[in-house]
Amino acid sequence: MVMKGAWEYLQERAREDWLIGQDSRAFFELTSRVIAQLQEEKTRVRDRPVIFLAESDPIHFLAKFIAACATGCHLFLCNPTWTDSEWAQVFALAQPTLLYEKSTLLRPPLHSVLPALHSPLPLICIPTGGSSGSIRFAMHTWDTLMASVAGFQHYFGVERIHSCCVLPIYHVSGLMQCLRSLTSGGTLALLPYKTLETSHLLTFDPADFFLSLVPTQLHRLLGSPTLLTQFKTILLGGAPAGSELLEQARQLAIPLAPTYGMTETASQVSTLKPTDFLQGITGCGQVLPHAQITICSATTGEVLGVNQTGVVTIAAKSLMLGYYPEFVDTPRDVACFSKGTVACTFSTDDIGWLDERGYLHILGRQSDKIITGGENVFPAEVEAAILATGLVQDVGVFGVSDPYWGEAIAAIYVPTAHLTVTTLKAALADRLSKFKLPKHWIAVEQLPRNAQGKLNRQELRQLVPTDSTM
């Protein structure tokens, strides 16, 4: 069976009112105009145009995304708020034929001589890695994105997926919400998060809707639990969620679905269903049907058994082809993915385990691991314990060089009120082993987090005062 493309799906829905709060017919006509524009561009360049899509308006972004897919262009999703230095990183990777920015079409001058993009498949390149200070793009195709939609559909047992999207569409978490609704016949509400946070009033009945949030957004919305409990399911991902936050949501009967996934897998590959969450089950739930997860030894690579901790390794039909520009001309990867098979595995940076029921649990990131006095400590665990005291609004933990311990644990935190380090240490006495307690504490007004709530640990270290003895 030939898979339908983005434009075919939209044509089928041309007369439907599927965009809540928007003129669906006007959206169809906008997309049609952009398709005509891109077809002219293909004739002009006699090759697949390379599109940089940096629209700040989500409707224009989605229309141009569909148009680029329909015309077989190579597409790079871009954050419209990137700084000059971040744009410099991107232009050093790829040279666009066209740049869409703020509803304006630009033909950027050549910044450098870069190799032409000759992939046999049109690529959808989604940005990732910004939280580590270096932007790179995960190369997807329409097929890998649709494999993710199909897995979601099957796992939740829904035919039509209705989505309320408050996340940026240039990010995989926002993009996939739009594609689920478009291709499944569902309805889509594109809302600024501030609207959800400040008005608490919706123009639609959310009973059948999926809402996706990051932990910082969930924390802010807990003051209005009535709004959250109206949704069918609230997907939670993007960053680790503390146990205290999850327990608050459980006590308020919020239908939360903690997820595990990444840009490289076109969003979630493991999800805890709300019924399990509300019954007190922890972790990231079971693996979605389009994916396989194994836990492997960090040293030998061998597959580990139940309840054994190791590197999370993923095989999935939604798995990226690679990071741009790697593997662009590799026939093996293209052939495997075009057949819709599980082509290869991806070793993540995450450490976790699978329990007896096949539920995934994540301990932390291997690259963030702190080795202090010969003991392994994962910042996520320490951060969760500190947040659980209720004495801080936010916290980031990392290791600093120490002549005695090798590394010492440092915590940069945002206090909730007048707070002494002595009080914090006392509150942690029964929550963490002694070797996991931070030895250095620095109070700040705000931590560097991106739109998805991920902590930028590189910037976090820069918050340490230059005259600080730590």
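In the predicted model, helix α13, which spans residues 379-388, lies across the strands β22, β23 and β24 and runs at about 140° to β22. A further helix, α14 (residues 421-428), packs on the sheet as well, where it touches β22, β23 and β24 and takes a direction that makes about 125° with that of β24. The sheet itself is open and is formed by three strands in the order β22-β23-β24, with mixed pairing. Because β22 (392-402) and β24 (440-443) each have a single partner strand, they stand at the edges, and one side of each is left without a neighbour in the sheet. From one strand to the next, the twist averages 25°. Within this sheet, β22 and β23 (residues 406-415) run antiparallel and are joined by 10 bridges, and G399 stands opposite I409 of β23.

A second open sheet is formed by eight strands, arranged in the order β1-β9-β8-β10-β11-β12-β13-β14, and its pairing is likewise described as mixed. Its edge strands are β1 (19-20) and β14 (286-287), each of which pairs on one side only. In the interior of the strand order, β8 (residues 162-165) and β10 (residues 209-213) pair in the parallel sense over three bridges, with L211 of β10 as the bridge partner of C164. Helix α5, made up of residues 142-156, lies across β10, β11 (233-236), β13 (267-271) and β14, and it runs at about 30° to β13.

Strand β13 also contains S267, a residue whose backbone is notable in that it has a positive phi of about 85° although it is not a glycine. In general, most residues other than glycine have a negative phi. With a relative accessibility of 9%, S267 counts as buried. A positive phi, of about 65°, is likewise found at N307, which is not a glycine either. N307, however, is placed in the loop between β15 (291-296) and β16 (310-316), and at 39% relative accessibility it counts as partly exposed.

A positive phi also occurs in a hairpin, that of β18 and β19, which has five residues between the strands and in which G358 takes a value near 85°. The two strands of this hairpin, β18 (residues 345-354) and β19 (residues 360-365), pair in the antiparallel sense over five bridges, and I351 stands opposite G364 of β19.

Attention may next be given to the packing of side chains. In soluble globular proteins, nonpolar side chains tend to be buried together. The largest nonpolar core of the model has 46 residues, of which F27, L38, F65, L77, L145 and L179 touch the most other members. Helix α3 (residues 58-70) gives the most to this core, contributing eight residues. Leaving aside residues up to four places away in sequence, F27 is in contact with L10, W18, L19, I59, L62, A63 and I66. A second core, separate from the one just described, consists of 26 residues and includes L218, L221, L222 and I281.

One of the residues named for its many contacts within the largest core, L179, also takes part in a polar contact, its backbone oxygen lying 2.7 Å from a polar atom of the side chain of T183. T183 lies in helix α6, which covers residues 172-184. Because its relative accessible area is 14%, and residues under 20% are classed as buried, T183 is buried. When residues up to four places away in sequence are not counted, T183 touches Y9, W142, M146 and V149.

Burial along a single helix is illustrated by α4 (residues 84-93), in which the buried residues are W87, V90 and F91. Seen down the axis of α4, these buried residues fall within an arc of 95°, so they line one face of the helix. The elements that cover the buried residues of α4 include the strands β2 (50-54), β4 (98-101) and β7 (136-140).

Key. Residues are numbered from 1 along each chain as its sequence is written. This is a predicted model: local features need pLDDT of at least 70, side-chain atom pairs count only at pLDDT 80 or more; totals for chains, interfaces and linings use all residues. Side-chain values use heavy atoms; hydrogens and water are left out. Two strands pair if DSSP finds at least two bridges between them. Helices (H or I, at least four residues) and strands (E, at least two) are DSSP runs, numbered from the N terminus. Axes are lines fitted to C-alpha atoms, for helices over the stretch in contact, and angles run from 0 to 180 degrees between N-to-C directions. Contact means heavy atoms within 4.5 Å. Buried means under 20% relative accessible area, exposed over 50%, partly exposed in between (1.4 Å probe, protein chains only). The arc is that of the directions from the helix axis to the C-beta atoms. A nonpolar core is a set of buried Ala, Val, Leu, Ile, Met, Phe, Trp, Tyr and Cys residues joined through side-chain atoms within 4.5 Å. A polar contact is a pair of N or O atoms within 3.5 Å; within protein, one must be able to donate a hydrogen and the other to accept it, and residues adjacent in sequence count only if both atoms are side-chain atoms.
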